[in-house]
Amino acid sequence: MWDYTDKVKDYFFNPKNAGVLNEANAVGEVGAIACGDALKLMLSVDPESEVILEAKFQTFGCGSAIASSSALTEIIIGKTLDEALKITNQDIADFLGGLPPEKMHCSVMGYEALQSAVANYRGEVWKDDHEEGELVCKCFGVDAGLIERAIKMNKLTTVEQITDYTKAGGGCLTCFDKLEEILSNANAEMVAEGLLAEHEAYRVGAADPKKLKEKAQAAKAQAAQAPQPQPQQTLTQISPLAPMSPLPPPSAGMTNLQKIRMIEEIIEELRPHLKKDGGDCELVDVDGSNVLVKLSGACVGCQLSSVTLSGIQERLMAKLGFPVRVVPVGRNAH
Amino acid sequence: MKPVYLDNNATTRVDPEVVSAMLPFFSEQFGNPSSIHSFGASVGAAVKTARGQLQALLGTAHDHEIIYTSGGTEADNTAILSALESLPDRNEIVTSKVEHPAVLSLCQHLEKTGRAKVHYIGVDSLGRIDIEAYRAALSDKVALVTLMWANNETGTIFPIEGLADLAKEHGALFHTDAVQAVGKVPISLKDSSIDMLSLSGHKLHAPKGIGALYVKRGARFKPLLRGGHQERGRRAGTENTPAIIGLGKAAELALAHMSEEQTRVKALRDRLEGGLLQRIPNCFVNGDLHDRLPNTCNIAFEYVEGEGILLHLTRAGIAASSGSACTSGSLEPSHVLRAMNIPFTAAHGSIRFSLSRDNVDEDVDRVLETMPGILEKLRALSPFWTGDDKGGKEFKPVYA
């Protein structure tokens, strides 16, 4: 499973500030059950000082989602709203001693919930994200605003990272092109603002996430029509469940049996010559035009066995009148 | 406290008898079965014995219908690629949406590279195959039907013999991924229409890294690995002899314990399942209650996420697995549960307990004692849980 830090485990097993806060005057809800995680953040804010007096959460999600939510409440209690708004998802991850890259979206969820709760307190709606409002990843309901914020706050430079931080692109990945566009635009802006070195910036179609691109293409291929049938190779009739014939159609008017007998005879004729040199050769099988033979004695491992084999091969072809290939077997003992 | 292992569909403990059977083949009997000398010959004979033990478990008719492989994945890949190559004027594959990735990923790859057209047959909410869609997909263009015997996540069993007969009517080859079924349900291949069957050693108390592909005598076949003439030229590469001996022994033991799987193990599973359903509100069984592996129990716990349950179980010394997204590294829940249309409120909280003959009554007791507390704790944290069994609370994010 995941390599969680002890602090993540501690905040998961013994979450602080879990539950419902009845006297909450600021509530932020993000995520959805369909997406696998959801967070409800409840705050009690002092109207005078805007200090967060109490914070509680309810989270549906994995271990790191629960730990991130709990960590968030610990970080913000006692802070003013303005101070709290400065907290980034990285602060949440750092508080927990780090999160696995694939789980960074849990910290982003905490950040988003906090922004949402403050907006709720101030009677604002999170307009800005829905203004350009485009829903990019339909699988996980992630819009362009969230993706852009995650890119800029965490200096993301690959599409894979966008998925780790926001889940966008974690499903069918048909939004890959859009993610690339958002990423390259955001990176370009960051370069202009001096926040990112030029060589680090992502350019559309540029680089790495070959894996992701492949996945996207697969998804597209699935949606598209079925592939063209392969060109048919032969005109032979196929009877699939019939036993596979060990031999091709008999050549030169010979039946398979005749052919095998003839090969056997030729090899028998050769054996005395090999035996004289301390070797031996026996016919193992005939597989199509391959004649499988077993070499033993001095022939095994002999540097010149290829000479012997080609000798046998030549002899066979001369007698049979069609090409064969002599293949040695039983020499697999490496 | 002694750990409780309930993840036997992931892998099993190697039976001590299997280990003792294997040990001499690392040291004294280290020979290469292809060698002519005596070191090789005795190993060759043992490999042959193991083949016989495996054939007895599968009820095959002839010798040499078993090809040893490195595991279930290699067996599946070999079967699928062999069929396409053997029947060059057919280019369609019929499979299901709930297959193991060893089959699904290859099918998707073949589709993407234009080498095959693939029909993915759907399942109903119990995981049962859509027979009508299956019949409709069959034609004389189909080179291979590949369907799993039993599902690894839910244990749902497909009516494989009948599905194979239908495939045969169209002249297609029929392969089944029986990795989860072998050793748990009786199998007799000799009078079936099944041409190929994959199995994996480590799912039946043999070691990892060994498996086998059954190829019916006479069925068309092309090897995946070419090289030496091991396995009669059907799978090149020096045999993994200790593991093969282990697989043979494990097959013998599986046959001997078959009735135990169907009685004692099944009774344990049923007590576990019944106990959980009774003690915990808002949960239900995923899979076909009537046609299911005797050892598998997959339960959806609503309004919680599976990883949280597993973390708590792990701390309590209990090993199980989850169909949730978070544990797998993917962001979506299991493709099997999605194909079954299990609602998201439940799919994320699905836990699989898979038993084996190693499990005892105390294991079930431990789970039954532990699970209600875990669910209570996690549901108290969930924004969707209302605190009673009336179902979920509406959750309306202002911003999502």
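## Chain A overall

Chain A exposes about 16,400 Å², and carbon and sulfur atoms supply 51% of that area. The model is predicted. Chain A holds twelve helices and eight strands. It has 334 residues, and buried residues make up 45% of them. Of the contacts in chain A between residues at least 6 apart in sequence, 58% join residues at least 24 apart.

## An annotated domain in chain A

An unreviewed UniProt entry annotates residues 4-124 of chain A as "domain: NIF system FeS cluster assembly NifU N-terminal". Across residues 4-124, chain A is 43% helix and 21% strand. The C-alpha atoms at the two ends of this stretch are 36 Å apart.

## The annotated cysteines

The UniProt annotation "binding site", also from an unreviewed entry, covers A:Cys137, A:Cys139, A:Cys172 and A:Cys175. They are spread over 39 residues of sequence, yet they cluster in space. The largest C-alpha distance is 9.5 Å.

A:Cys137 sits in strand β4 of chain A, residues 135-137. A:Cys137 counts as buried because its relative accessibility is 2%, and the cut-off for buried is under 20%. Neighbours within four places in sequence aside, A:Cys137 is in contact with A:Val142, A:Lys167, A:Ala168, A:Gly169 and A:Cys175. One of these partners, A:Cys175, is itself covered by the "binding site" annotation.

A:Cys172 is placed in a loop of chain A, between α8 (159-166) and α9. Its relative accessible area is 34%, so A:Cys172 is partly exposed.

## Helix α9 of chain A

Helix α9 of chain A runs over residues 176-192. It has 17 residues and reaches 24 Å from first C-alpha to last. That is close to the 24 Å expected at 1.5 Å a residue.

The buried residues in α9(A) are A:Phe176, A:Leu179, A:Glu180, A:Ile182, A:Leu183, A:Ser184, A:Ala186, A:Asn187 and A:Met190. After α9(A) comes A:Gly194, with a positive phi near 75°.

## Helix α3 of chain B

In chain B, helix α3 covers residues 72-86. Its 15 residues reach 21 Å from first C-alpha to last, close to the 21 Å expected at 1.5 Å a residue.

Twelve of the 15 residues of α3(B) are buried, so this helix is largely enclosed by the rest of the structure. Charged and polar residues are among the buried ones, including B:Glu74, B:Asp76, B:Asn77 and B:Thr78. B:Ala75, B:Ala79, B:Ile80 and B:Leu84 are also among them.

## B:Asn152 and its contacts

B:Asn152 belongs to the loop between β5 (142-148) and α6 (160-169) of chain B. With a relative accessibility of 13%, B:Asn152 counts as buried.

Sequence neighbours within four places aside, B:Asn152 is in contact with B:Asn9, B:His100, B:Gln180 and B:Arg352. B:Gln180 lies 28 residues from B:Asn152 in sequence. In space the two are 6.0 Å apart, C-alpha to C-alpha.

## A nonpolar surface patch on chain B

B:Val19, B:Leu23 and B:Phe26 form a nonpolar patch on the surface. Together they have about 280 Å² of accessible area. B:Leu23 is in the loop between α1 (16-22) and α2 (38-58) of chain B.

Terms used:
Residues are numbered from 1 along each chain as its sequence is written. Chains are lettered from A and ligands numbered from 1 in the order in which they are written. This is a predicted model: local features need pLDDT of at least 70, side-chain atom pairs count only at pLDDT 80 or more; totals for chains, interfaces and linings use all residues. Side-chain values use heavy atoms; hydrogens and water are left out. Patches are made of residues with over 30% relative accessible area and no salt bridge: like charges are joined within 9 Å, nonpolar side chains (Val, Leu, Ile, Met, Phe, Trp, Tyr) within 5 Å. Accessible areas come from the Shrake-Rupley method with a 1.4 Å probe; for residues, only the protein chains shown count as cover. A salt bridge is a side-chain nitrogen of Lys or Arg within 4 Å of a carboxyl oxygen of Asp or Glu. Helices (H or I, at least four residues) and strands (E, at least two) are DSSP runs, numbered from the N terminus. The expected span of a helix is 1.5 Å times one less than its number of residues. Buried means under 20% relative accessible area, exposed over 50%, partly exposed in between (1.4 Å probe, protein chains only). UniProt positions are given in the numbering used here, feature names are shortened, and annotations may be inferred rather than shown by experiment. Contact means heavy atoms within 4.5 Å.
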